[in-house]
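Here's a friendly walk through a structure with several chains. Have the sequence and the 3D view open as you read.

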Amino acid sequence: MLRKLLKYEFRCMWREFAILWPAALAVAFLTGCSLEDNGQSSGMFSVVMAMVFTGVMIALFVISVIFIIKRFNSGLLRDEGYLMFTLPVTTGKLVLSKLLTALVMIIITCVVGIASMFLLWWKFINLPQDLLGEIFRAIGIITSEEPLLWLSMFQFCVMMLVWSAASILEIYAAISIGHLFQRWRVIISVIAYIVISAIQTQLMALIGNLATLVGLGDFMRYIRIGGGEYAAANTAFLMIILLGLAFCVAYYVITTLILSKNLNLE
Amino acid sequence: MNETAVTNHTPLIRCCGLVKSFGAKRALDGVELEIGRGRIVGLLGPNGSGKTTLIKLLCGLLQPSAGFLMIDGREPGVHTKGITSYLPDRMYFADWMCSRDLVDLFADFYSDFDRKKATEMCSTLGIGPRDRIKSMSKGTKEKLQLALVMSRAAQLYLLDEPIAGVDPAARDFILSTILTNYNENGTVLISTHLISDVERTLDEAVFLKSGHVVRHEAVDELREREGKSVDALFREIFRAHPMEGGEW
Amino acid sequence: MDWKLDDGRPIWTQLAEQLTRQIVSGEYPPGSRLPSVRELAESAGVNPNTMQRALAQLEADGLAASNRTSGRMVTDDSVVIDARRRALAKKHISEYLAAMSQLGYTAEESAELLREGEK
C-alpha cells in the first residue's frame with residue numbers, strides 16, 4: 001500500500017517540479033555562458049543573468065519548503081484529507097509516504113543545486129580527460145591510507161538524510177499540534193514549531209554536555225580501529241545519526257498519534 | 001475463528017452510547033443504532049442535528065469522545081475503510097489531479113472498484129480521462145465524485161447530503177445513479193434534510209434530533225401506522241416550537 | 001409507465017396495486033415475462049427491496065409466479081386474472097354508488113344516469 005501511495009505522491013511532485021528543475025539548470029547554464037573567460041561579468045546581460053540565477057535558486061529553496069508544508073497540510077488536513085483518510089491504509093503509511101516523497105524531493109533539489117553550480121562555473125574548471133578515473137584514483141589513494149573513509153562518507157550521507165527527515169517530521173509534528181485546536185491553527189503551528197525547535201536545541205546541548213561529562217570523547221579514542229581520527233569521526237557520526245533517528249521517531253509518533261486519535265477535518 | 005460466519009451475523013453498523021463533542025458542544029449525545037445489510041437507510045434530520053458528524057465517525061474521519069461504533073463487527077480502521085464507500089458533503093479532489101488519476105487511485109486502493117463501470121459513467125457525463133479537475137464545473141465535479149463512489153461494490157455506502165443544493169434534473173440523475181449502481185448486498189446510508197425527494201427510495205428512516213436518534217423504523221410501517229408520509233412526520237417532529245426561545 | 005405514489009400509505013402496497021392494474025388491463029398479457037425487480041424499481045424510482053415486496057404480493061395473489069429459469073412471469077390462468085379484474089371493478093362501482101348516494105341518487109337512478117352519460 002505504501003508503494004501505491006508513493007506512486008501518487010511522486011506524480012504530484014513531478015507535476016510541481018517538472019518545469020522548475022530543468023529551468024534552474026537552464027538558467028545556470030545561460031548565466032555561465034554570459035560570464036567572460038576571466039570570471040568577470042560582462043555588462044548588463046550577465047548582471048541580469050546573475051540576478052535571475054540567484055532568484056531561481058532562492059525560488060527553488062522556497063518552493064521546496066512550501067511543497068513539504070503544503071503536501072502535508074493540504075494533502076491531509078484539508079479537503080484532500082477526506083480522500084486520503086478514507087483510503088484503507090494506516091495513518092502511519094500516509095505520513096511515511098509524505099516524508100519519503102519530501103526526502104526524494106530534497107535529494108533531487110540538492111543534485112539540481114550542485115549541478116547548477118557546476119553549469120555556472122563550467123568555463124573556469126579545467127576538467128581532465130578522464131574525470132571519473134581521476135576521481136576514483138584520488139579516492140583510491142586516500143582509502144589505501146584511511147580505509148574507513150568510505151564508511152565516513154556513507155555515514156555522512158546517512159546523517160544528512162536522517163537529519164533532513166527529522167526536520168521534515170518536526171514540521172509535520174508542529175502542524176499536527178496546530179490541528180488539535182479549533183481556531184488559530186496556523187499561528188499555533190508556528191508557535192509549536194518554534195517551541196519544538198527550542199526544546200530540540202536544549203536537548204542537543206544537554207546531550208552534548210552529558211557526552212563530555214561521561215568522557216565520550218575519551219571513550220572514542222579507545223575504540224580506534226584503523227587510523228585514529230576517522231574511527232573517532234565514525235563513532236561521532238554514529239551517535240549523531242542515532243540522535244537524529246530518536247528525534248525522527250519522537251516527531252513521527254506525535255504526528256501519527258494526533259492524526260489517528262484527534263483528526264478533525266472541517 | 002470462522003471469519004465469514006462473523007461477517008454474516010453481526011449487524012453492519014452498531015453504535016453504542018456514541019458521543020462526539022467539539023469543545024463544550026455535544027454534536028452526538030449517546031447515539032444507539034443498529035443497521036442491517038442490504039438496506040437503503042435515510043439519516044434524516046435538520047441542519048446541525050449531527051448527521052455529518054455520525055457519518056464522519058463511521059468512515060473514520062473522526063474519533064468518538066465516548067461509546068463505540070462497529071462496522072462489520074470491527075472498529076473503524078483499515079478493514080472498514082476498505083468496505084466503505086464515502087461521498088462527503090464537499091469536493092475532496094486534489095487540485096493537481098486529472099480524472100484519470102482519480103480513477104487510477106480508486107482502482108489501486110479499492111479491490112471492489114469496477115473500473116469499466118467508472119469509465120463508462122465518466123464518458124456518459126462527458127468527462128475525458130485527461131480533463132483537469134480544477135477546470136471542471138461544480139456540478140461536474142459532484143457527478144464525477146458520485147460516479148467513483150458508486151462504481152464500488154461496497155458493503156456500506158455513506159452518502160452525505162448527495163442531493164443538497166442541486167437542480168431537479170441533477171437530483172433525479174443522482175438518485176437513479178445510486179439506485180442502479182449500489183451493491184444489493186450492501187447498505188446505503190443517505191443523510192439528507194430533503195425527505196420528500198428520497199422518501200420512496202428508502203427502506204428505513206433514522207431520525208436524528210440534536211444528537212439523539214429519536215426514531216428508527218421501516219418507512220412502510222411508519223407510513224402505514226401514522227397514515228402520513230415520512231416527510232409529514234419529519235415536519236411534525238422537527239416543527240420549531242415558538243416557545244423554545246424562552247421569555248423575552 | 002408513470003407511477004403515482006401518494007402520501008400516507010405504504011409504497012409497496014401502491015406499487016402492487018398499480019402492477020395488478022397493469023396485469024388485469026392486459027398491459028402485461030397472461031403468460032408474459034415481467035421486467036426484473038431492478039428495472040421496475042428504477043422506472044418507479046424506488047428501492048429494489050420495496051419493489052420486491054410488491055411483486056411478492058402479486059405472487060401471493062396468484063397473479064405472477066417466479067420461475068428459476070425465465071424470471072418472473074404473469075400467470076396464464078385467465079380465471080384468476082378475470083376474478084381479480086371483477087373484484088377491482090366492483091370496488092370502483094361501490095365507490096361510484098357511494099358518491100352518488102351522497103348526492104341523493106338511488107342505485108337505479110345512478111345506473112340510469114351512467115347509461116345516459118355514456119351516450
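What follows looks at the contacts first, then at a strand and a helix, and finally at one whole chain.

This is a predicted model, in which local features need pLDDT of at least 70 and side-chain atom pairs count only at pLDDT 80 or more, while totals for chains, interfaces and linings use all residues. Residues are numbered from 1 along each chain as its sequence is written, with chains lettered from A and ligands numbered from 1 in the order in which they are written.

**Where the parts meet**

Two residues are in contact here if their C-beta atoms, placed from the backbone, lie within 7 Å. Helices (H or I, at least four residues) and strands (E, at least two) are DSSP runs, numbered from the N terminus. As for residue classes, Ala, Val, Leu, Ile, Met, Phe, Trp, Tyr, Cys and Pro count as nonpolar, Asp, Glu, Lys and Arg as charged, and the others, Gly among them, as polar.

Let's start with chains A and B: 20 residues of chain B and 21 residues of chain A make up the contact. On the chain B side, helix 3 (78–83) and helix 4 (99–109) each give at least two residues, and helix 4 of chain B has the largest share, with four residues.

Chain B also meets chain C, with 17 residues of chain B touching 14 residues of chain C. Helix 1 (11–24), helix 2 (37–44) and helix 3 (48–60) of chain C each give two or more residues to that side of chain C.

Chain A has a contact of its own inside. An automatic or database domain assignment splits chain A into domain 1 (1–126) and domain 2 (128–266). The contact takes 15 residues from domain 1 of chain A and 16 residues from domain 2 of chain A. Helix 5 of chain A provides the largest share of the domain 1 side, seven residues.

Here is how three of these sides divide by class:

| Side | Nonpolar | Polar | Charged |
|---|---|---|---|
| Chain B, touching chain A | 12 residues | four residues | four residues |
| Domain 1 of chain A, touching domain 2 of chain A | 11 residues | four residues | no residues |
| Chain C, touching chain B | seven residues | four residues | three residues |

**Inside chain B**

Is strand 6 of chain B enclosed or open? Five of its five residues are buried, so strand 6 of chain B is largely enclosed by the rest of the structure. (Buried means 20 or more other C-beta atoms within 10 Å of a residue's own, exposed means 12 or fewer, and partly exposed is in between; C-beta atoms are placed from the backbone.) B:Leu156, B:Leu158 and B:Asp160 point one way, with B:Tyr157 and B:Leu159 pointing the other.

Strands pair if DSSP finds at least two bridges between them. Strand 6 of chain B runs parallel to strand 5 (residues 84–87) of chain B, with four bridges, and B:Thr84 sits opposite B:Leu156. Five bridges join strand 6 of chain B to strand 7 of chain B, also parallel, where B:Asp160 has B:Ser191 as its bridge partner.

Helix 7 of chain B has B:Ile174, B:Thr177, B:Ile178 and B:Leu179 as its buried residues. Their cover includes strand 6 of chain B and helix 2 of chain C.

**Chain C as a whole**

Chain C has five helices and two strands, in the order α-α-α-β-β-α-α. Its C-alpha trace spans about 55 × 35 × 25 Å along the principal axes. Buried residues make up 22% of the 119 residues in chain C.
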